[in-house]
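Please look over the protein shown below before reading on. The briefing that follows goes through its overall make-up, its interior, its surface and its charged pairs.

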Amino acid sequence: GKDYYKILQISRDSNREDIANSFRELAVKYHPLRETKSLEDKSYIFSEICEAYDVLSNPETKIIYDQYGEKLLKEGIPTPKDGLKGGYAFHGDYLEVFRSFFGTSNPFIDITMPVVGGSKKKVEEEKKDCSSTVPVPIDPETLSIYYSSKDEVPKEIPLDDIRMRGYDLVQTYHISLQDALLSTPISIITLTGERIELSIDEVITPQTEKKIEGKGLPLIKEKEYMENLLGKQKKGDLYIVFDIEFPTRLTQEQKDQLKEIEEIAEGA
(Lines give C-alpha, C1' and ligand atoms only; values in the text may rest on other atoms or scores of the structure.)
Protein backbone atom coordinates (compact mmCIF):
# COMPACT_ATOMS: atom_id res chain seq x y z
CA GLY A 1 0.00 0.00 0.00
CA LYS A 2 0.91 3.65 -0.24
CA ASP A 3 3.16 5.10 2.43
CA TYR A 4 1.68 8.54 2.89
CA TYR A 5 4.39 9.54 5.35
CA LYS A 6 7.08 8.65 2.85
CA ILE A 7 5.28 10.57 0.12
CA LEU A 8 5.31 13.68 2.32
CA GLN A 9 8.90 12.93 3.37
CA ILE A 10 8.10 12.94 7.09
CA SER A 11 8.32 10.42 9.94
CA ARG A 12 5.31 8.55 11.35
CA ASP A 13 5.46 10.51 14.59
CA SER A 14 5.09 13.86 12.78
CA ASN A 15 2.53 16.27 14.19
CA ARG A 16 -0.02 18.40 12.32
CA GLU A 17 2.41 21.25 11.89
CA ASP A 18 5.04 18.94 10.39
CA ILE A 19 2.46 17.57 7.97
CA ALA A 20 1.37 21.07 6.93
CA ASN A 21 4.94 22.33 6.54
CA SER A 22 5.93 19.40 4.36
CA PHE A 23 2.82 19.68 2.19
CA ARG A 24 3.39 23.39 1.70
CA GLU A 25 6.94 22.84 0.44
CA LEU A 26 6.27 19.78 -1.72
CA ALA A 27 2.98 20.99 -3.22
CA VAL A 28 4.58 24.16 -4.51
CA LYS A 29 7.73 22.36 -5.68
CA TYR A 30 5.86 19.68 -7.64
CA HIS A 31 2.96 21.76 -8.89
CA PRO A 32 2.69 20.75 -12.59
CA LEU A 33 2.54 24.31 -13.87
CA ARG A 34 5.88 25.17 -12.31
CA GLU A 35 7.67 22.81 -14.73
CA THR A 36 5.83 22.27 -17.98
CA LYS A 37 8.65 20.20 -19.50
CA SER A 38 7.79 17.21 -17.27
CA LEU A 39 4.07 17.85 -16.91
CA GLU A 40 2.95 14.21 -16.84
CA ASP A 41 5.46 13.12 -14.17
CA LYS A 42 4.82 16.14 -11.98
CA SER A 43 1.05 15.71 -12.24
CA TYR A 44 1.37 12.18 -10.81
CA ILE A 45 3.71 13.21 -7.98
CA PHE A 46 1.51 16.22 -7.21
CA SER A 47 -1.62 14.06 -7.00
CA GLU A 48 0.13 11.62 -4.63
CA ILE A 49 1.24 14.50 -2.39
CA CYS A 50 -2.29 15.93 -2.28
CA GLU A 51 -3.84 12.54 -1.47
CA ALA A 52 -1.30 11.95 1.30
CA TYR A 53 -2.07 15.33 2.83
CA ASP A 54 -5.82 14.77 2.45
CA VAL A 55 -5.51 11.60 4.56
CA LEU A 56 -2.97 12.69 7.17
CA SER A 57 -4.45 16.15 7.79
CA ASN A 58 -7.80 14.63 8.73
CA PRO A 59 -7.67 13.17 12.28
CA GLU A 60 -10.27 10.47 11.50
CA THR A 61 -8.64 9.11 8.35
CA LYS A 62 -5.17 9.48 9.88
CA ILE A 63 -6.10 7.28 12.87
CA ILE A 64 -7.53 4.58 10.59
CA TYR A 65 -4.50 4.72 8.29
CA ASP A 66 -2.05 4.59 11.19
CA GLN A 67 -3.74 1.53 12.64
CA TYR A 68 -4.84 -0.41 9.56
CA GLY A 69 -2.93 0.96 6.55
CA GLU A 70 -4.13 2.06 3.13
CA LYS A 71 -6.02 -1.15 2.24
CA LEU A 72 -8.50 -1.05 5.11
CA LEU A 73 -8.62 2.74 5.01
CA LYS A 74 -10.13 2.46 1.54
CA GLU A 75 -12.01 -0.82 1.86
CA GLY A 76 -13.44 -0.11 5.29
CA ILE A 77 -12.83 -1.47 8.81
CA PRO A 78 -14.54 -4.77 9.71
CA THR A 79 -16.88 -4.46 12.71
CA PRO A 80 -18.94 -7.18 14.48
CA LYS A 81 -22.27 -5.40 14.02
CA ASP A 82 -22.07 -3.30 10.88
CA GLY A 83 -19.76 -5.34 8.66
CA LEU A 84 -17.54 -2.68 7.11
CA LYS A 85 -17.27 0.79 8.60
CA GLY A 86 -16.21 3.76 6.53
CA GLY A 87 -14.12 3.40 3.41
CA TYR A 88 -12.02 6.34 2.24
CA ALA A 89 -11.88 7.35 -1.42
CA PHE A 90 -9.78 10.28 -2.57
CA HIS A 91 -12.08 12.62 -4.50
CA GLY A 92 -9.38 13.09 -7.15
CA ASP A 93 -9.51 16.88 -7.20
CA TYR A 94 -5.97 17.60 -6.10
CA LEU A 95 -6.38 21.17 -7.29
CA GLU A 96 -9.04 21.59 -4.60
CA VAL A 97 -6.63 20.23 -1.94
CA PHE A 98 -4.05 22.81 -3.01
CA ARG A 99 -6.66 25.58 -3.13
CA SER A 100 -8.17 24.78 0.28
CA PHE A 101 -4.70 24.85 1.85
CA PHE A 102 -3.27 27.96 0.19
CA GLY A 103 -6.44 29.83 -0.67
CA THR A 104 -5.56 29.84 -4.38
CA SER A 105 -4.69 27.47 -7.21
CA ASN A 106 -1.87 29.73 -8.36
CA PRO A 107 1.60 28.25 -7.58
CA PHE A 108 3.40 31.48 -8.51
CA ILE A 109 2.72 33.52 -5.39
CA ASP A 110 4.29 34.35 -2.06
CA ILE A 111 2.31 32.41 0.53
CA THR A 112 2.50 32.73 4.30
CA MET A 113 2.49 29.51 6.30
CA PRO A 114 -1.09 28.60 7.28
CA VAL A 115 -1.66 28.50 11.02
CA VAL A 116 -2.36 24.95 12.18
CA GLY A 117 -5.27 24.62 14.57
CA GLY A 118 -8.25 26.03 12.73
CA SER A 119 -7.11 29.62 12.16
CA LYS A 120 -7.83 31.15 8.79
CA LYS A 121 -5.00 30.92 6.25
CA LYS A 122 -3.34 34.16 5.14
CA VAL A 123 -2.46 34.52 1.50
CA GLU A 124 -0.47 37.41 0.12
CA GLU A 125 -1.36 39.20 -3.07
CA GLU A 126 -0.40 37.47 -6.29
CA LYS A 127 2.87 38.69 -7.72
CA LYS A 128 1.47 38.60 -11.22
CA ASP A 129 -1.01 41.42 -11.51
CA CYS A 130 -2.68 40.39 -14.75
CA SER A 131 -4.33 43.79 -15.15
CA SER A 132 -1.00 45.62 -15.10
CA THR A 133 -0.06 47.49 -18.26
CA VAL A 134 3.43 48.46 -17.10
CA PRO A 135 6.12 45.92 -18.08
CA VAL A 136 8.15 44.69 -15.10
CA PRO A 137 11.35 42.59 -14.94
CA ILE A 138 11.15 38.79 -14.97
CA ASP A 139 10.96 37.62 -11.36
CA PRO A 140 12.57 34.39 -10.04
CA GLU A 141 9.19 32.63 -9.67
CA THR A 142 8.36 33.22 -13.33
CA LEU A 143 11.84 32.26 -14.47
CA SER A 144 11.48 28.96 -12.57
CA ILE A 145 8.83 27.88 -15.09
CA TYR A 146 11.66 27.28 -17.55
CA TYR A 147 14.92 27.22 -15.58
CA SER A 148 15.90 25.99 -12.11
CA SER A 149 18.02 29.11 -11.57
CA LYS A 150 19.06 32.31 -13.33
CA ASP A 151 22.52 30.81 -13.85
CA GLU A 152 20.99 28.17 -16.14
CA VAL A 153 19.57 30.72 -18.58
CA PRO A 154 21.56 30.38 -21.84
CA LYS A 155 23.79 33.39 -22.50
CA GLU A 156 22.24 34.03 -25.91
CA ILE A 157 18.86 34.80 -24.29
CA PRO A 158 18.66 38.58 -23.72
CA LEU A 159 17.07 38.28 -20.28
CA ASP A 160 17.65 41.96 -19.45
CA ASP A 161 15.63 42.94 -22.53
CA ILE A 162 12.55 40.88 -21.59
CA ARG A 163 9.78 42.22 -19.37
CA MET A 164 6.42 40.91 -18.15
CA ARG A 165 3.11 42.66 -18.78
CA GLY A 166 0.58 40.44 -17.10
CA TYR A 167 0.85 37.12 -18.95
CA ASP A 168 2.36 38.84 -21.98
CA LEU A 169 6.09 39.28 -22.53
CA VAL A 170 7.60 42.46 -23.94
CA GLN A 171 11.00 42.02 -25.56
CA THR A 172 13.21 44.89 -26.69
CA TYR A 173 15.11 44.39 -29.95
CA HIS A 174 18.10 46.64 -30.60
CA ILE A 175 18.25 47.72 -34.23
CA SER A 176 20.44 50.11 -36.22
CA LEU A 177 18.90 53.16 -37.85
CA GLN A 178 19.77 51.77 -41.27
CA ASP A 179 18.00 48.47 -40.63
CA ALA A 180 15.02 50.33 -39.16
CA LEU A 181 14.69 52.50 -42.28
CA LEU A 182 15.24 49.60 -44.69
CA SER A 183 12.77 47.29 -42.89
CA THR A 184 15.45 44.62 -42.56
CA PRO A 185 14.10 41.23 -41.34
CA ILE A 186 15.08 40.44 -37.76
CA SER A 187 15.86 37.29 -35.78
CA ILE A 188 14.98 37.13 -32.08
CA ILE A 189 15.62 34.58 -29.32
CA THR A 190 12.73 34.21 -26.87
CA LEU A 191 12.79 33.47 -23.13
CA THR A 192 12.55 29.73 -23.88
CA GLY A 193 15.51 29.85 -26.27
CA GLU A 194 13.37 29.59 -29.40
CA ARG A 195 14.63 31.53 -32.42
CA ILE A 196 11.96 33.37 -34.41
CA GLU A 197 12.50 35.06 -37.77
CA LEU A 198 10.36 38.15 -38.40
CA SER A 199 9.87 39.83 -41.74
CA ILE A 200 9.30 43.58 -41.50
CA ASP A 201 6.91 45.32 -43.90
CA GLU A 202 7.24 48.86 -42.64
CA VAL A 203 9.77 51.45 -41.51
CA ILE A 204 10.58 50.80 -37.86
CA THR A 205 9.94 53.70 -35.48
CA PRO A 206 10.24 53.93 -31.67
CA GLN A 207 6.46 53.34 -31.53
CA THR A 208 6.51 50.14 -33.61
CA GLU A 209 5.32 47.02 -31.77
CA LYS A 210 5.13 43.53 -33.29
CA LYS A 211 2.87 40.90 -31.74
CA ILE A 212 3.65 37.16 -31.77
CA GLU A 213 0.67 35.19 -30.48
CA GLY A 214 1.05 32.41 -27.92
CA LYS A 215 4.69 33.07 -27.05
CA GLY A 216 4.06 34.66 -23.66
CA LEU A 217 3.69 33.12 -20.19
CA PRO A 218 1.36 30.18 -19.42
CA LEU A 219 -1.99 31.30 -18.05
CA ILE A 220 -2.38 30.07 -14.49
CA LYS A 221 -5.77 31.36 -13.48
CA GLU A 222 -7.92 28.60 -11.98
CA LYS A 223 -10.27 28.31 -14.97
CA GLU A 224 -7.37 27.53 -17.31
CA TYR A 225 -5.68 25.05 -14.98
CA MET A 226 -7.23 21.80 -16.23
CA GLU A 227 -6.78 22.77 -19.87
CA ASN A 228 -3.11 23.33 -19.14
CA LEU A 229 -2.81 19.87 -17.63
CA LEU A 230 -4.54 18.35 -20.65
CA GLY A 231 -1.91 19.82 -22.96
CA LYS A 232 -4.09 22.64 -24.25
CA GLN A 233 -1.92 25.17 -22.54
CA LYS A 234 -2.98 28.74 -23.10
CA LYS A 235 -0.33 31.41 -23.10
CA GLY A 236 -0.04 35.14 -23.32
CA ASP A 237 1.54 36.87 -26.29
CA LEU A 238 5.03 38.18 -27.04
CA TYR A 239 5.43 41.80 -28.10
CA ILE A 240 8.57 43.05 -29.78
CA VAL A 241 9.44 46.70 -29.27
CA PHE A 242 12.43 48.44 -30.81
CA ASP A 243 15.39 50.37 -29.50
CA ILE A 244 16.72 52.23 -32.53
CA GLU A 245 20.41 53.06 -32.37
CA PHE A 246 20.76 56.59 -33.73
CA PRO A 247 24.17 57.92 -34.78
CA THR A 248 25.69 60.50 -32.44
CA ARG A 249 26.81 62.77 -35.32
CA LEU A 250 26.48 63.10 -39.09
CA THR A 251 28.79 64.59 -41.72
CA GLN A 252 27.46 67.31 -43.98
CA GLU A 253 27.42 64.83 -46.86
CA GLN A 254 25.30 62.40 -44.85
CA LYS A 255 22.90 65.20 -43.92
CA ASP A 256 22.53 66.14 -47.58
CA GLN A 257 21.84 62.51 -48.50
CA LEU A 258 19.12 62.29 -45.84
CA LYS A 259 17.49 65.45 -47.18
CA GLU A 260 17.42 63.93 -50.65
CA ILE A 261 15.82 60.78 -49.29
CA GLU A 262 13.22 62.87 -47.45
CA GLU A 263 12.36 64.82 -50.62
CA ILE A 264 12.00 61.59 -52.59
CA ALA A 265 9.76 60.10 -49.89
CA GLU A 266 7.52 63.19 -49.83
CA GLY A 267 7.17 63.10 -53.60
CA ALA A 268 6.34 59.40 -53.72
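Is E96 buried, partly exposed or exposed? With a relative accessible area of 32%, E96 is partly exposed, because buried means under 20% and exposed means over 50%. The model is a predicted one, and the points below are grouped by topic.

**Overall make-up**

- The protein contains nine helices and 11 strands.
- It has 268 residues, and 40% of them count as buried.
- About 16100 Å² of the protein is exposed, with carbon and sulfur atoms supplying 49% of that area.
- Among contacts with a separation of 6 or more, 57% come from residues 24 or more positions apart.

**Nonpolar cores**

- The largest nonpolar core has 28 residues, and I138, L169, I186, L191 and I240 have the most contacts inside it.
- At least two residues of this core come from each of β6 (162-165), β7 (168-176), β8 (186-189), β9 (195-198) and β11 (238-245).
- Strand β11 gives the most to this core, namely four residues.
- Once neighbours within four places in sequence are left aside, the contacts of L169 include I138, I162, M164, L191, L217 and Y239.
- A second core, separate from this one, has 26 residues, including Y5, I10, I19 and V55.

**A buried threonine**

- T190 is located in the loop between β8 and β9.
- Its relative accessibility is 4%, so T190 counts as buried.
- The side chains of T190 and T192 are joined by a polar contact of 3.0 Å.
- Not counting residues up to four places away in sequence, T190 touches I157, I162, Q171, I196 and L238.

**A nonpolar surface patch**

- L181, L182 and V203 make a nonpolar surface patch of about 280 Å².
- One of these residues, L181, belongs to helix α7 (residues 177-182).
- L181 has 46% relative accessibility and so counts as partly exposed.

**Positive phi angles**

- Most residues other than glycine have a negative phi.
- Q9 is not a glycine, yet its phi is positive, near 60°.
- Q9 sits in the loop between α1 (4-7) and α2 (16-29), and its 58% relative accessibility makes it count as exposed.
- S183, also not a glycine, has a positive phi of about 55°.
- S183 lies in the loop between α7 and β8 and is buried, with a relative accessible area of 16%.

**Salt bridges**

- The count comes to 13 salt bridges.
- R12 and D66 form a salt bridge through their side chains, at 3.8 Å from N to O.
- R12 is in the loop between α1 and α2 and D66 is in helix α4 (residues 59-75), so this pair ties together parts 54 residues apart in sequence.
- Both R12, at 47% relative accessibility, and D66, at 31%, count as partly exposed.
- E96 and R99 form a salt bridge of 2.7 Å, N to O.
- These two residues both lie in helix α5 (residues 94-102), three residues apart, which is about one turn of the helix.
- R99 counts as partly exposed, at 23% relative accessibility.
- The side chains of E209 and R165 meet in a salt bridge of 3.9 Å, N to O.
- That pair links distant parts of the chain, with E209 in strand β10 (residues 209-212) and R165 in strand β6, 44 residues apart.
- A network of salt bridges links K2, E48, E51, E70 and K74.

Technical notes:
Residues numbered from 1 in each chain as written. Predicted model: local features only at pLDDT ≥ 70, side-chain atom pairs only at ≥ 80, totals over all residues. Heavy atoms only, no water. Core = buried A, V, L, I, M, F, W, Y, C linked by side-chain atoms within 4.5 Å. Buried < 20%, exposed > 50% of the residue type's maximum accessible area, 1.4 Å probe, protein only. Contact = heavy atoms within 4.5 Å. Polar contact = N/O pair within 3.5 Å; in protein donor to acceptor, adjacent residues only side chain to side chain. Patch = residues over 30% accessible without salt bridge, like charges linked within 9 Å, V, L, I, M, F, W, Y side chains within 5 Å. Areas by Shrake-Rupley, 256 points an atom, 1.4 Å probe, with all protein chains shown as cover. Salt bridge = Lys/Arg side-chain N within 4 Å of Asp/Glu carboxyl O.
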